[in-house]
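Colleague: Could you walk me through this model? I am new to it and would enjoy a friendly tour.

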Amino acid sequence: MDTTAVCPAHAPSDHPKIKPAKVGILLANLGTPDNYDYWSMRRYLNEFLSDRRVIDYSPFLWQPLLQLIILTKRPFSSGEAYKSIWNEDEGESPLMTITKKQTAKIKDRMHATYGDDVIVDFCMRYGNPSTKSKVREMIDAGCQKILFFPLYPHYAGATSATANDQFFRVLMKEKWQPPVRTVEAYYARPDYIEALAQSIETAYANAEKKPEILVCSYHGVPQRYLMEGDPYHCQCQKTTRLLKERLGWDDTQIITTFQSKFGPEEWLQPYTVEEVARLAEKGRTNIAVCAPAFSADCIETLEEINEEIKESFEEAGGEDFLYIPCLNDDAAHIEALGNIIDDNLKGWI
């Protein structure tokens, strides 16, 4: 398709030129620091931990603590964690590498179906590439409609909502604001559950010893959020139940836990790091862990689960610990994401 900008028919010659109309598909993930050095980590953590959707304490109380104490120390420890998983060949975090691969495969699928009428790209809520930069690029390229797709299977205020918030903040600054749609959480879609189940079946088939139990470890949020109406906890529980039913298992073979607790509040329980130790102490010394709430492997899976949580399990007497990777750019996952996009483009293209 010719992408040359032209004056609209019947318009005066000095009318601004307009590019052929396209539909933008903008994938969004959490984000990543540009590097694991102190200042890169500090910039990233400052943006992340200053988000009121993530930490909703009063800024008058939280910001002095964040700026004077947390951001003085935490960039060092977080930087070391990122360094242990960093993709040195590409000079980027694994989340960035995987998101690029996902985007490339989804782009191929979309172009095979819709041709040049769509533009597919990705952005990050925190860090680069920013939501602002990618929305601007899409509008400049002629996108007169944009489908915004936060890559979180489960809705949470601290993930899906803040991604949408940022998207709409960016649109507030556009002179010509395109019609937009946002993609809802897909935690219970049969194609997503099927992709999860296939990944687990493959991992179990390739394991030297079949795990006794599968721990579905979801990123945690404060318990208070559930009481305030956030549906995240219920959606996580439903994913585990649907996965159990698809695998044909009983309750003794799969459990739901929550990881990444931060701060003094009580978070959703049981905590993964404590539960895997309890399993080992009770004689369940051969376990598998998966992370259904993450669409791509990242610091919380590659470092926290496969290092910290694994260590907790082994120190309590655990012997065999199998981490099952996120769905990443697996073919069944890309097909499920493509199906979701197809459903959300109906009536547009």
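Here are some questions and answers about the model.

Modeller: This is a predicted model, where local features need pLDDT of at least 70 and side-chain atom pairs count only at pLDDT 80 or more, while totals for chains, interfaces and linings use all residues. Residues are numbered from 1 along each chain as its sequence is written, and side-chain values use heavy atoms, leaving out hydrogens and water.

Colleague: Which strands stand at the edges of the open sheet?

Modeller: Strands (E, at least two residues) and helices (H or I, at least four) are DSSP runs numbered from the N terminus, and two strands pair if DSSP finds at least two bridges between them. The open sheet has 4 strands with parallel pairing, in the order β2-β1-β3-β4. Two of them have a single partner strand each, so one side of each is left without a neighbour in the sheet: β2 (118–127) and β4 (180–182).

Colleague: In β3, what is the bridge partner of Leu27?

Modeller: Strands β1 (residues 22–32) and β3 (residues 143–150) run parallel and are joined by 7 bridges. Within β3, Leu27 has as its bridge partner Phe149.

Colleague: How far apart are the end C-alpha atoms of helix α8?

Modeller: The expected span of a helix is 1.5 Å times one less than its number of residues. Helix α8 (residues 232–247) has 16 residues and should therefore span 22 Å; this agrees with the distance between its end C-alpha atoms, 23 Å.

Colleague: Which elements do the buried residues of α8 pack against?

Modeller: Buried means under 20% relative accessible area, exposed over 50%, and partly exposed in between (1.4 Å probe, protein chains only). The buried residues of α8 include Tyr232, Cys236 and Leu243. Counting contact as heavy atoms within 4.5 Å, the buried residues of α8 pack against α6 (190–206), β5 (213–219), α7 (223–227) and β6 (254–259).

Colleague: Which element gives the largest share of the largest nonpolar core?

Modeller: A nonpolar core is a set of buried Ala, Val, Leu, Ile, Met, Phe, Trp, Tyr and Cys residues joined through side-chain atoms within 4.5 Å. The largest one has 70 residues, and Phe149, Tyr232 and Leu243 are among those with the most contacts inside it. Its largest share, 8 residues, comes from α6.

Colleague: How many disulfides does the structure hold?

Modeller: A disulfide is a pair of cysteine sulfur atoms within 2.5 Å. The sulfur of Cys234 is 9.1 Å from the closest cysteine sulfur, in Cys236, which is too far for a bond. For Cys123, the nearest cysteine sulfur, that of Cys143, is 13 Å away. The number of disulfides in the structure is 0.
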